[in-house]
Amino acid sequence: MASYRLLSDIEPVDFSNGKWLINDVQGDKVGGVICNKMHVFAIEKFKKVLGNRLSDIRHAGNIILPPKIPFNPKPRILNDIKNGTGFDYFINIKAELISDSFGTIQITEPDRNENNKNEIQVVVEIYDLNTKEIISKQYSTGIIGNRHGTRIAGGVSFSTQKIKLATGALNKILKKLIK
């Protein structure tokens, strides 16, 4: 079984007004499939509180944006986003693969190495485009390792897939952030 923990205190964010733009989930080492699943998951969660005030950067249409918006963007880029889109808030999500040494199906000897694990860290940033300042930055990790796997028999164990580990870590943040 995977474990998840928040690495930051969740500060309340006022979702009651403004137009919101969500960026593509970034994560060079986690792969496109995981980033796409996290992106869809995040949109579903944010839509529940923001409704039609949330726009997906992929489908926002007729807006002018920098070619790729980096994580932790500089004020100049935030200004470009504001001027090119007219949105009030910008959501940035990043997934980082910390460790990738434990397979979904692991065959090990009975005295398993306790250092084998998969660990993913997820970061959610929210920017106020009117002030060009960050209003929330939250961290969460999801981890699965030898001691977290379900031991079946003869050294075989099954663990949470990396995609579920990443969305689980994201969900840990969003459950606290979006109430």
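The paragraphs below lead from the overall fold of this predicted model to its aromatic residues and then to its nonpolar cores.

The chain has 179 residues, of which 49% are buried, and its secondary structure comes to three helices and nine strands. Read from the N terminus, these elements follow the order β-β-α-β-α-β-β-β-β-β-β-α. When contacts between residues at least 6 apart in sequence are considered, 71% of them join residues at least 24 apart. The accessible surface of the chain comes to about 9,400 Å², and carbon and sulfur atoms account for 49% of that surface.

A convenient place to enter the interior is the set of aromatic side chains, among which the structure holds three aromatic pairs. One of these pairs is formed by F15 and W20, whose ring centres are 5.0 Å apart and whose planes meet at 35°, an arrangement that counts as tilted. F15 is buried, with a relative accessible area of 7%, and W20 is likewise buried, at 0% relative accessibility. W20 also pairs with Y89, and here the ring centres lie 4.2 Å apart with the planes at 20°, so this pair is stacked, since planes under 30 degrees apart fall into that class. Because W20 belongs to strand β2 (residues 20-22) and Y89 to strand β4 (residues 89-100), the pair ties together parts of the chain that are 69 residues apart in sequence. Y89, like W20, is buried, and the two residues join F15 and F46 in one aromatic cluster.

F46 leads on to the nonpolar interior, for in the largest nonpolar core, which has 35 residues, F46, I93 and L177 touch the most other members. The elements that each give two or more residues to this core are β2, α1 (32-50), β4, β6 (117-128) and α3 (162-177). The surroundings of I93 can be followed residue by residue: apart from neighbours within four places in sequence, I93 is in contact with I22, D24, V25, Q26, M38, A42, F71, V122, V123, V124 and L170.

A second core, separate from the one just described, has 10 residues, and L21, I81, F87 and L129 are included in it. F87 takes part in a further arrangement, in that the charged end of K19 sits over the F87 ring, 4.8 Å from the ring centre.

Key: Residues are numbered from 1 along each chain as its sequence is written. This is a predicted model: local features need pLDDT of at least 70, side-chain atom pairs count only at pLDDT 80 or more; totals for chains, interfaces and linings use all residues. Side-chain values use heavy atoms; hydrogens and water are left out. Rings of Phe, Tyr and Trp (its six-membered ring) pair if their centres lie within 6.5 Å; planes under 30 degrees apart count as stacked, over 60 as edge-to-face and the rest as tilted. Buried means under 20% relative accessible area, exposed over 50%, partly exposed in between (1.4 Å probe, protein chains only). Helices (H or I, at least four residues) and strands (E, at least two) are DSSP runs, numbered from the N terminus. A charge sits over a ring if NZ of Lys or CZ of Arg is within 6 Å of the ring centre and within 35 degrees of the ring normal. Contact means heavy atoms within 4.5 Å. Accessible areas come from the Shrake-Rupley method with a 1.4 Å probe; for residues, only the protein chains shown count as cover. A nonpolar core is a set of buried Ala, Val, Leu, Ile, Met, Phe, Trp, Tyr and Cys residues joined through side-chain atoms within 4.5 Å.
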